[in-house]
Amino acid sequence: MTAFDYDAVVLGAGAAGLMCAAVAGQRGKRVLLLDHAEQVGKKIIISGGGRCNFTNIHTAADRYISANPHFAKSALARYTPADFIALVDRYGIAWHEKTLGQLFCDGSAKQIVAMLLEECAKNGVDVRCGQPVREVTHGDDLFRVTFGEQSFTAPNLVLATGGPSIPKMAATGFAYDLARRFGLKIVEPRPALVPLTLGGDDVLFRDLSGVATPVEARAGKAAFREAALFTHKGLSGPAILQVSSYWRHGEPVMIDFLPDASPGWLTEAKRTRPRVPLAAALPLPDRLARTLADRLALPGEIGAQTDRKLADAEAQLKRWIFHPNGTEGFAKAEVTVGGIATAGLSSQTMMAKSVPGLYAIGEAVDVTGWLGGYNFQWAWASGHAAGQAL
């Protein structure tokens, strides 16, 4: 009889944990996959409007945020979007590309969960849900995990419990607490892919709730061209969610409301349509056009404005500055920036350098992807890397 129950215990049956367990199981390892939720893959099921944006064909390390921008390269190179697509195709799951390389199921995100569970089942993974992890200890080269009323031991432990984003899905900072106990450092976690809130002089833009328009949004050195959406609290939409991952409290967000407009378009409009007011000259949704025109304070017909004033208005529309007073927090964040510091992990295996047998994968690690399937690809790739190493 062996001195331990399993070769590996994986904590967290989300995207990364399911992939890791399945891959390790394929290699003949005895794997126990635990989750405190009643069902596995809950975040997968709600993702992409219930259709799971399961990868992005443009995946590359420069589309991830991390204190070490090179860390993700190894795992991403060894398990690519094509690899996951091949798995999806093997299961006959129909999918389509939406925009910007984003791949979605034609049917339901539940198909992805069922596929991963089948991969675990056929490789002998023991999946248990619906109990809290009460205790984790380490001694004599074994990890002991108390799950509900039972205890299990294994020489390997994988932290795959994600970050604190979407707490209504029972997400917590559990992985960080455990990592700290084993001496691993944590990069300050903050909400990412999250709507921004507006206050002060920007409050009037909340009256535009429900208005969306294509923009280029910028925070720091990051810029994204997609839709922005005004909400009753501030700013959202894909462009805003993208820059939110780079935004820091106190910094501005800059929006180009007309990224495709040619220089001098407004003075040209003065020549061709001199009798229209500024709001009517702006190729934007009516409510937004009126609000921006009011703020630009150029009353009357554009034909009555000097070229200089129109050039200034053009410049302001190209670099409209918002001063967010915060975000909608982890409750509305799709993912977390920060997490278990990559400096303490092997980029090849995802194992902790200072604690043999301890691994961290997925969102728990300080690697955060852009909106659009990148975070799922990191979950698959990091889970695969650890599963191969167990």
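Reader: Before we look at H10, what is a helix here, and what is a strand?
Author: Helices are DSSP runs of H or I with at least four residues, strands are DSSP runs of E with at least two, and both are numbered from the N terminus. Please keep in mind that this is a predicted model.

Reader: OK, so what comes right after H10?
Author: Ala 297 follows H10, and its phi is positive, near 55 degrees.

Reader: And which residues of H10 are buried?
Author: Helix H10 spans residues 286–296, and its buried residues are Leu 288, Ala 289, Thr 291, Leu 292, Ala 293 and Leu 296.

Reader: What do those pack against?
Author: The buried residues of H10 pack against strands E14 (212–219), E15 (222–230) and E18 (320–322), and also against helices H9 (278–281) and H11.

Reader: H11 again. Where does Glu 314 sit, and is it buried or exposed?
Author: Glu 314 belongs to helix H11, residues 307–318. Glu 314 is buried and has no salt bridge.

Reader: Which side chain of opposite charge is nearest to Glu 314?
Author: That is Lys 318, which is 7.8 Å away. Not counting residues up to four places away in sequence, Glu 314 touches Ser 262, Pro 263, Gly 264, Trp 265, Leu 266 and Thr 267.

Reader: Different topic: how many salt bridges does the structure hold?
Author: It holds 16 salt bridges. One of them joins the side chains of Asp 7 and Arg 30, at 3.6 Å from N to O. Asp 7 lies in the segment before strand E1 and Arg 30 in the loop between helix H1 and strand E2, so the pair ties together parts that are 23 residues apart in sequence.

Reader: Why is Asp 7 counted as buried?
Author: Its relative accessibility is 17%, and buried means under 20%. Arg 30, at 35%, counts as partly exposed.

Reader: Does H11 have a bridge, and if so, which residues form it or not?
Author: Lys 270 forms a salt bridge with Asp 307, with the closest N and O atoms 2.9 Å apart. This pair links helix H8 (residues 265–272), which holds Lys 270, to helix H11, which holds Asp 307, across 37 residues. Lys 270, Arg 271 and Asp 307 are linked in a network of salt bridges.

Reader: Last one: what is the volume of the second largest pocket, and which residues lie nearest its centre?
Author: The volume is about 330 Å³. The pocket is lined by 18 residues, and Thr 99, Leu 100, Gln 102, Glu 226 and Leu 371 lie nearest its centre. The lining divides into eight nonpolar, six polar and four charged residues.

Note on methods:
Residues numbered from 1 in each chain as written. Predicted model: local features only at pLDDT ≥ 70, side-chain atom pairs only at ≥ 80, totals over all residues. Heavy atoms only, no water. Buried < 20%, exposed > 50% of the residue type's maximum accessible area, 1.4 Å probe, protein only. Lys, Arg positive; Asp, Glu negative; His and termini not counted. Salt bridge = Lys/Arg side-chain N within 4 Å of Asp/Glu carboxyl O. Contact = heavy atoms within 4.5 Å. 1 Å grid on protein atoms, 1.4 Å probe; cavity = no way out; pocket = protein on both sides within 12 Å on 5 of 7 lines; lining within 4 Å. Points joined across faces, edges and corners; volume = space filled by probe spheres on them. Nonpolar A, V, L, I, M, F, W, Y, C, P; charged D, E, K, R; others polar.
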